[in-house]
Amino acid sequence: MNPLHIYNSLSKKKEEFVPTNPELVGLYVCGPTVYSDVHLGNCRSFTSFDVVYRYLMYKGYKVRYVRNITDAGHLVGDADIGAEDKMAKTAKALKLEPMEVAHKYTVGFHHMMDKFNNLPPNIEPRATGHITEQIKMVQDILDNGYAYEVDGSVYFDTVKFAQEKDVYGQLSGRNLDDMLSESRELKNQGEKKHSADFAIWIRAEENTLQKWDSPWGEGFPGWHLECSAMSTKYLGSKFDIHGGGEDLKFPHHENEIAQNCGACGTMPVKYWMHGDMLLLNGKKMSKSIDPETGKSNSIMPEELFSGNNEIFTKGYSPMVVRFFMLMAHYRSTLDLSDDALAAAEKGYYKLMEGNKTLQELVYNGAEALTVEDKEVNDLMDQALVDMDDDFNTPKALSRLFPLVNKINSFKSGHIALNTISASTLERLQKVFKEFLFDIFGLMDETAAAADKDGAVLDGLMNLIMDIRKDARAKKDWGTSDQIRDQLNALKIRLKDSKEGTTWSLEK
RNA sequence: GGUGAUGUAGCAUAGCGGCCUAAUGCACUGCUCUGCAAAAGCAGUAUUCGGGGGUUCGAAUCCCCCCAUCACCUCCA
């Protein structure tokens, strides 16, 4: 097996992936805060790590994939100036229980993950279900002297931690001296000793909706803490891969490391992975409102699928969007535009049609091997090497398309099929399918439904194609073209070839 | 202001010291196929990688300067 290399955000280098425990790889990905619908940018991140998860399994690793749901503690502003919890804010606005808000958006999130064909994680823990664990972690950090309590709230002592352990700032590349000197000038620090400190337990006010008993009185856990506590619980105090969006590097992941170190004394994660942002109009997609335009620079997945939006001329299906995401490396920004999506749509159909053609190829005659055999095998090998190189999906895809050309040539007879060996064809059929569906996680949206409706459609299409065939035999081009053009308007494409006519449905 | 990225054909992305007179998808042009198309195949389309210097036998890839864009700096995947 080729070694897998992963770019580690902590060392800023590609490193060979050597799991701590080869029997069970631990993968933790920061999930959503369920206070509103996920936007497309969120979906890119989860899709990137879905490919990571899939490829690890493809390489034969047994993986425990943990992705949390944050349903408490995520504040709109800073804790020590009385900022509001995001969940509570939505709950009040919609006149719902916080639990209702969490449930509503969790269901929506799962639905969207299904649409993108992202596999569910093995464990999806929620913050509110792990209050005891979080309280214990706060206590551990206090016991180790890296936190202090002020009037029912507990703050992480970033300064002390930074002075004693040479860890803080490492992930986000922050110069701590700058941070410390800079913030000395700041006033209005509230209860915190230092502005770089952050709340790990927050005192509840009378109107706080979600609160729990703790040794420090009623309160709720701080953002960052849930990830530390839950990753430790399910993956141990040291695990392999932690993923999330680039924008979580600081403060979220930096503080997560600090909490884990502060509680357990060890660096929690071997490989940190960060996906870059999805751009819209050249800017980061984000839900927050731009003060200049008064709008948020984002699009909801459903709006993109349906075409019901002001940005794009038409809708693009979930698999087209997934394919579009695969066309860029996860560590690069990806710019969303009509042209780019239209290109992805064509490419996606080409791949799917290529696979269908490939699976229908039947080997016949004696082998008469040529250089073709090596070329086909090399392309497959290279695609796998590309994936081993930090999950380089765009590079791997660039190997698959030349294979589609070969496949179509085999079908048309432009290249004789027996120029590759029977076993090469078998391998191609297997590997190509694995790439599309197991590794890239695509689904074939062009496949006719295998239910009653699908059978009816098949029957109707056969009838129509028979009528057209008769018309063509009589050189009745008017009827023939009418059938072709009107089906085309229904997005049913007829493909004439020497062997006869086939059809496919574009969505 | 601090920190970190990026700038590759019309568009979106790969490549990150010699395999690059630059790869993939889309778009575009020509040819084959076709009744005409579509689909498919083949060929072509950047003598060149933001601009200018430098290092090197050799640079899209390394260094310096400039220009432009983006991200993070306690809301964000």
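Which helix gives the largest share of the surface near RNA strand B? Helix 13 does, with eight residues.

This is a predicted model, in which local features need pLDDT of at least 70, side-chain atom pairs count only at pLDDT 80 or more, and totals for chains, interfaces and linings use all residues. Residues are numbered from 1 along each chain as its sequence is written, chains are lettered from A and ligands numbered from 1 in the order in which they are written, and side-chain values use heavy atoms, with hydrogens and water left out.

**View 1. The protein surface near RNA strand B.** There are 59 residues around the strand, and Lys86, Ser195, Trp223, Gly245 and Leu248 come nearest. A residue is near a strand if one of its heavy atoms lies within 4 Å of it. The surface residues divide into 19 nonpolar, 24 polar and 16 charged. Here Ala, Val, Leu, Ile, Met, Phe, Trp, Tyr, Cys and Pro count as nonpolar, Asp, Glu, Lys and Arg as charged, and the others, Gly among them, as polar. On the RNA side, 66% of the atoms within 4 Å of the protein belong to sugar or phosphate, and the rest to bases.

**View 2. Polar contacts to RNA strand B.** A polar contact is a pair of N or O atoms within 3.5 Å. In the side chain of Asp247, an N or O atom is 2.9 Å from a sugar or linking oxygen of the strand. Met285 uses its backbone: a polar atom there is 2.4 Å from a base nitrogen. For Ser288, a polar side-chain atom lies 3.4 Å from a base nitrogen. Elements that give two or more residues to the surface near the strand include helix 1 (40-58), strand 9 (239-245) and helix 13 (393-412). Helices (H or I, at least four residues) and strands (E, at least two) are DSSP runs, numbered from the N terminus.

**View 3. The largest pocket.** About 1100 Å³ of space lies in this pocket. A volume is the space filled by probe spheres set on grid points, which are joined across faces, edges and corners. On a 1 Å grid over the protein atoms alone, a pocket is an open set of points where a 1.4 Å probe fits, with protein on both sides within 12 Å along at least five of seven lines; lining residues have an atom within 4 Å of a point. The lining has 44 residues, and Tyr35, His39, Asn42, Lys86 and Lys287 lie nearest the pocket centre. Helix 1 gives the most, six residues. By class, the lining has 17 nonpolar, 18 polar and nine charged residues.

**View 4. A salt bridge between distant parts of the chain.** Side chains of opposite charge can pair when their charged atoms come close. A salt bridge is a side-chain nitrogen of Lys or Arg within 4 Å of a carboxyl oxygen of Asp or Glu. The structure holds 28 of them. Lys314 pairs with Glu345, the closest N and O atoms being 2.5 Å apart. Lys314 sits in the loop between helix 9 (301-306) and helix 10 (318-326), and Glu345 in helix 11, 31 residues apart. Lys314 is partly exposed, at 30% relative accessible area, but Glu345 is buried, at 9%. Buried means under 20%, exposed over 50%, partly exposed in between (1.4 Å probe, protein chains only).

**View 5. Salt bridges within helices.** Glu434 and Lys430 meet in a salt bridge at 3.0 Å, N to O. They are four residues apart in helix 14, so about one helical turn separates them.

How values were computed: A polar contact is a pair of N or O atoms within 3.5 Å; within protein, one must be able to donate a hydrogen and the other to accept it, and residues adjacent in sequence count only if both atoms are side-chain atoms.
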